Amino acid sequence: MPIPTPPAARIHDFTVVENAPVAEGIWRLTIEAPRLAQTLRPGQFMSFEVPGDSTQLVRLPVSFSEANVEAGTVETYYAVVGDGTRRLSEMVAGSGSTVLGPGGNGWRLPKDAMRALVVAGGIGITPVIAAAGMFQDAGVAHDAVVGTLTAAKLCGADALAERGCGEVRVTTDDGTAGTRGFVTAEVEPMLATGTYDLVLTCGPQPMMRSVARLAEQAGVACQVSVERMMTCGFGACNTCNVETTSGMMGACTAGPVFDSRRLVW
C-alpha cells in the first residue's frame, strides 16, 4: 500500500489552557488552537515555537493525545529532557505562541479491524492515547500495555481506560508497578490468545522492534510510530530519515507511523 501524502501543515496561534506535571519528568499540556484541533488526526504530530530563547530557531515536535474539536483544544504529554522542553514546561495558562501542524501520517484503521492492542513505552504513551480514542470512536474493542522504568514515571494509564480500553496492563523495569519487566512480558501472552488482529505501538526503538516481531510471529498486523527529531517538520532537512524496505524516508512526511514490516530494524 503506498504511503499517503499528508495534508499541508499550517502555522496556528495557540494559548496555553493548562500545563502541569503528571509524573516524574512528564508534563501534560493543553492548548487552545481551534483550527489545529479540527485538522489533527490520531498519530500525527505538531511542532511548537517555544518562547524564551531567540537563538533557538528550530521548532519542538511533539505528538498529541487528544484533539477536542468542540472545545477547540489539543492535549499532549511530553517529557522534559532538554532546554526546549524545559522552556515549554515554563509556559503558564494564558501564555501563547505558534504551532505548526498537522504533521505527517498517523495511525491507519483497517475497515475489518475487530480487536486491537495498543502498546506504549515511556513517553510513547502520547500517540497511543490518541490511538485508543480512535478505536473508541470507531467502536473497535481494544486493550493496552503500558511500560515505563518505574512507578514514578508512569502516566496515561487512566487516560487509556477513559478511552475505552477493556484492559490496561502495566509493566515497570523495577517492578514498582504492575508486572516487573518489559512490555513484551505482557504483550506475548496477550497475542498468544489469538484474539487480536491489529497492534499499534510507540516507544523506544528496541521495544517497538520486539513488539513488531511478536506481532509478526502471531500473524497480526502492526503499526509503529517512530521517535525521531523532526527538525523542520515538512521534509526539507532530512534529519529524521528512517530506513525502510523502499529506501530512506523522512519520518515527518512518510511517517511517523509506519507498517512495521516496511522498516529495516
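A salt bridge is counted here when a side-chain nitrogen of Lys or Arg lies within 4 Å of a carboxyl oxygen of Asp or Glu. The model is predicted, so local features need pLDDT of at least 70 and side-chain atom pairs count only at pLDDT 80 or more, while totals for chains, interfaces and linings use all residues. Residues are numbered from 1 along each chain as its sequence is written, and side-chain values use heavy atoms, with hydrogens and water left out.

**Exercise 1. Find the salt-bridge partner of Asp259 and state how exposed that partner is.**

Step 1. Asp259 pairs with Arg261, and their closest N and O atoms are 2.8 Å apart.

Step 2. Arg261 has a relative accessibility of 59% and therefore counts as exposed, where exposed means over 50% relative accessible area, buried means under 20%, and partly exposed lies in between (1.4 Å probe, protein chains only).

Step 3. Elsewhere, Glu66, Glu75, Glu162 and Arg163 are joined into one network by salt bridges that share partners.

**Exercise 2. Describe the pair formed by Glu49 and Arg59, and explain which parts of the chain it ties together.**

Step 1. The closest N and O atoms of Glu49 and Arg59 are 3.9 Å apart, and the two residues form a salt bridge.

Step 2. Because Glu49 belongs to strand β3 (residues 45–49) and Arg59 to the loop between β3 and β4 (60–63), the pair ties together parts that are 10 residues apart in sequence.

Step 3. Glu49 is partly exposed at 39% relative accessibility, whereas Arg59, with a relative accessible area of 16%, is buried.

**Exercise 3. Characterise the salt bridge of Glu90 and Arg86.**

Step 1. The closest N and O atoms of this pair are 2.8 Å apart.

Step 2. Glu90 is partly exposed with a relative accessible area of 49%, and Arg86 is likewise partly exposed, at 35%.

Step 3. In general, side chains of opposite charge can pair when their charged atoms come close.

**Exercise 4. Place these pairs in the whole protein by giving the number of salt bridges, the secondary structure and the overall dimensions.**

Step 1. The structure holds 12 salt bridges.

Step 2. There are 6 helices and 16 strands, taken as DSSP runs numbered from the N terminus (helices H or I, at least four residues; strands E, at least two).

Step 3. The radius of gyration, taken over C-alpha atoms, is judged against a globule rule of 2.2 Å times the number of residues to the power 0.38; a compact globule of 265 residues would have a value near 18 Å, and the protein's 17 Å agrees with this.

Step 4. Along the principal axes, the C-alpha atoms fill a box of roughly 50 × 40 × 35 Å, and 50% of the 265 residues count as buried.
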